[in-house]
Amino acid sequence: MSSLSLSTRLKQVFGYDGFRPLQREIMEASLAGQDALAVLPTGAGKSLCYQLPALVREGLTVVVSPLIALMKDQVDQLEASGVAATFINSSLDGDEARRRINGLDAGNYQLLYVAPERLMLPDFLARLQAWKIAALAVDEAHCISEWGHDFRPEYRRLREVRQAIPGIPVLALTATATERVRLDIVKQLELHEPALFLASFNRPNLNYQVVAKSGAAAQVCNFANARPDESGIVYCQSRKTTEALAATLRNQGFSAVAYHAGLDPAERAQNQDAFLRDEAKIVCATVAFGMGINKPNVRYVIHADLPKNIEGYYQETGRAGRDGLPADCLLLFSRGDVTKYLKFLDDIPDEQARAVAHQQLDQMTHFAENEACRRVSLMGYFGESWTQENCGACDQCLQPREKWDATTDVQKLLSCILRIRQAGGFSVGLNHVSDVLTGGLSEKIQRWKHDQLTTHGIGKDQPRPYWVDLGRQLLRSGLLAASTDKFSTVSVSQEGIDVLKKRLPVILTRALSSPRGKVARTGEIPCDTALFDQLRSIRKQLADAKNVPPYVVFSDVTLRHFSRDYPVSDSALLRIPGVGEKKLDDYGRTFIEAIRTWLMGNERQTFTPLPTTAAITAPRPSGVVNGTAAQSLELFKSGQTIAEIANSRNLSETTIEGHLAQVIENGEPLDPRSFYTAAEEALMQTALEGYHEPSMKPVFEQLEGRISYGKLKIYRAMNSQSATR
């Protein structure tokens, strides 16, 4: 099936004119029969990477998904677009499950969603072998890795599916995976020479803010009050806090529900459904909520407590703004949360697991406390560079914290630490140092005679927390060094000694302050807001009648385009992103009539044209690293061989050859003799004559493996380029 067929189906079924970054490349690799691993941020369109190919290939695509709610949600959306999809899980009664299995036996479906536990049941695996399986997609693939933040042991058995159904392409997808996790996914799923697609981790429409925590309930209420009609998620670490905060919000007039693993399953499902259907605007939840939640119009995510690691924070904030419209991410930070978590970590019995948890907490704390651009910190964690001076959508870039001359106080702190060390021959923690500086007379201070030091009480003009925070800043700047043992003591580094001896000036950044408000603008779609509100009301009525969430009817992005373009005909409506032929038939005329009626009593507004791709996705970010054809081309042009490029980028040679085939298709003039001999070219010409299918497997087998998949791809790319010249 050609790329043209993909584009045609994309428009007919899903209503979009173009692909988001890497989507087409991922689909084409899978349709060519190649295993692939795709790491795309939340909201980048991962689901489409297996849904659209399922419509253009023969047979059934099986999608492994970890959550029941996600399966139903995606199947509802696919059915609304006219796609034959179903799911099998424990939420179905026996009769309904049998009906769906009979439909699968009859070949009535193109997509099947199933949980790994169900998939691995012996009788289900046997049924799977009887169906015509064309591809396997593993969603939330990071769950297979012990190094990931959401390890699920049942995912480890998925390799058995490969053994039971050999020869089908496997596509693994996730939003968050470090290099270590990526390698583990490839190993555990036994992916064969997989193509790796690693998109930028940047979410340009998200605005990141970190503020000092000072009365979390009031801060959450104030933040939500500035966004009364918008949906938001508030993450809390304890079940008790989720319920208390939801109750506080309800008392303030918000429609809010709680969600955590301790709730009765029926109540938990009811609360989630209320949020998805816009009946509850806010959900206060533990990390049990959210993985796979497909609600696109979450306009803010608040972390009322400190997340335990950056991967979890990134994934949770990623649930905001999936539709590409502006969204806010607020983190309330306090040292008290850090101290509380440290006590829990000490109870972890496994030493290695405890060390990893400590490291992750340190990284999360550093992210919250440092003064660097939030994007620099987040993307750097995943190995990606952010090269712009100002991201334009985080608190550090938009309103940098004030700098101040801390020289005198730094000298006091460093001197106190040195005096303590000299007096007793041992080091202490920052809390004890702050007690000495503020003139404390605790039992330890008197027993160790630290009340007799010249530095005792020289910092009385500031409270204890001030000195602890100052010490943490000096740890980050390298003037202090922390011990690696469980006692968390500090010492003055050589750099700190130089500052003292040479009386060097020290300029630091003020501590975190209050929230700044809504500032993110990337992805905004200005529209007739009064019409937009009316169309949202109509959408809710239609959704309730169909018993589906409102975004299954049309997304907020689509309604915003309705409210700026005023389409009043079928052809005009089909030009709107997100309107396919099935949705036009089911819902379109209702909205056309509503817009016509609106225009009879209201003036048509005009708006500045949007960037070409704004309706589909935020602009493609610069700085995509790894997994790109452009990088492989650059290395190839520098004189490196395919083997050398593969080795330096930790990819397979087949993947690099696929990259080069792609750039050749895009018009890059490369010499065929750099890839294959004249004799090999003659073999490929004969084998490929009259063959136009995307999969190279039949040709590879016909040539008995004498020509690699990569060479076949490059030859076909060369051939298609010469045909268009």
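An open sheet of 6 strands, with parallel pairing, runs in the order β8-β13-β12-β9-β11-β10. The model is predicted: local features need pLDDT of at least 70 and side-chain atom pairs pLDDT 80 or more, while totals for chains, interfaces and linings use all residues. Residues are numbered from 1 along each chain as its sequence is written, and side-chain values use heavy atoms, without hydrogens and water.

**Sheet**
- Strands (E, at least two residues) and helices (H or I, at least four) are DSSP runs numbered from the N terminus, and two strands pair if DSSP finds at least two bridges between them.
- β8 (206–212) and β10 (256–259) are the edge strands; each has a single partner, so one side of each lacks a neighbour in the sheet.
- On average, neighbouring strands are turned by 15 degrees against each other, direction ignored.
- β8 runs parallel to β13 (residues 327–333), joined by 7 bridges, and tyrosine 208 stands opposite cysteine 329 in β13.
- At the β10 edge, 4 bridges pair β10 with β11 in the parallel sense; tyrosine 259 has alanine 285 in β11 as its bridge partner.
- In a regular strand, side chains alternate between the two faces of the sheet.
- Both faces of β10 are covered, with Ala256 and Ala258 on one side and Val257 and Tyr259 on the other all buried (under 20% relative accessible area, 1.4 Å probe, protein chains only).

**Helix packing**
- Helix α12 (residues 265–276) packs on the sheet, where it touches β9 (231–235), β10, β11 (282–285) and β12 (298–303); contact means heavy atoms within 4.5 Å.
- The direction of α12 makes about 135 degrees with that of β10 (axes are lines fitted to C-alpha atoms, for helices over the stretch in contact, and angles run from 0 to 180 degrees between N-to-C directions).
- The axes of α18 (residues 407–424) and α19 (residues 430–437) come within 10 Å and cross at roughly 105 degrees.
- α18 and α19 are therefore roughly perpendicular (65 to 115 degrees).
- Lys412, Leu413, Cys416, Ile417 and Ile420 of α18 meet His432, Val433, Val436 and Leu437 of α19.

**Nonpolar cores**
- A nonpolar core is a set of buried Ala, Val, Leu, Ile, Met, Phe, Trp, Tyr and Cys residues joined through side-chain atoms within 4.5 Å.
- The largest core has 132 residues, of which Leu119, Leu128, Phe562, Phe591 and Phe675 touch the most other members.
- Helix α27 (residues 581–601) gives this core its largest share, 7 residues.
- Leucine 128 touches Val62, Leu119, Ile133, Val161 and Ile165, leaving aside residues up to four places away in sequence.
- A second, separate core of 39 residues includes Ile26, Met71, Val83 and Tyr113.

Note on methods: Buried means under 20% relative accessible area, exposed over 50%, partly exposed in between (1.4 Å probe, protein chains only). Angles under 35 degrees count as roughly parallel, over 145 as roughly antiparallel, 65 to 115 as roughly perpendicular and the rest as oblique.
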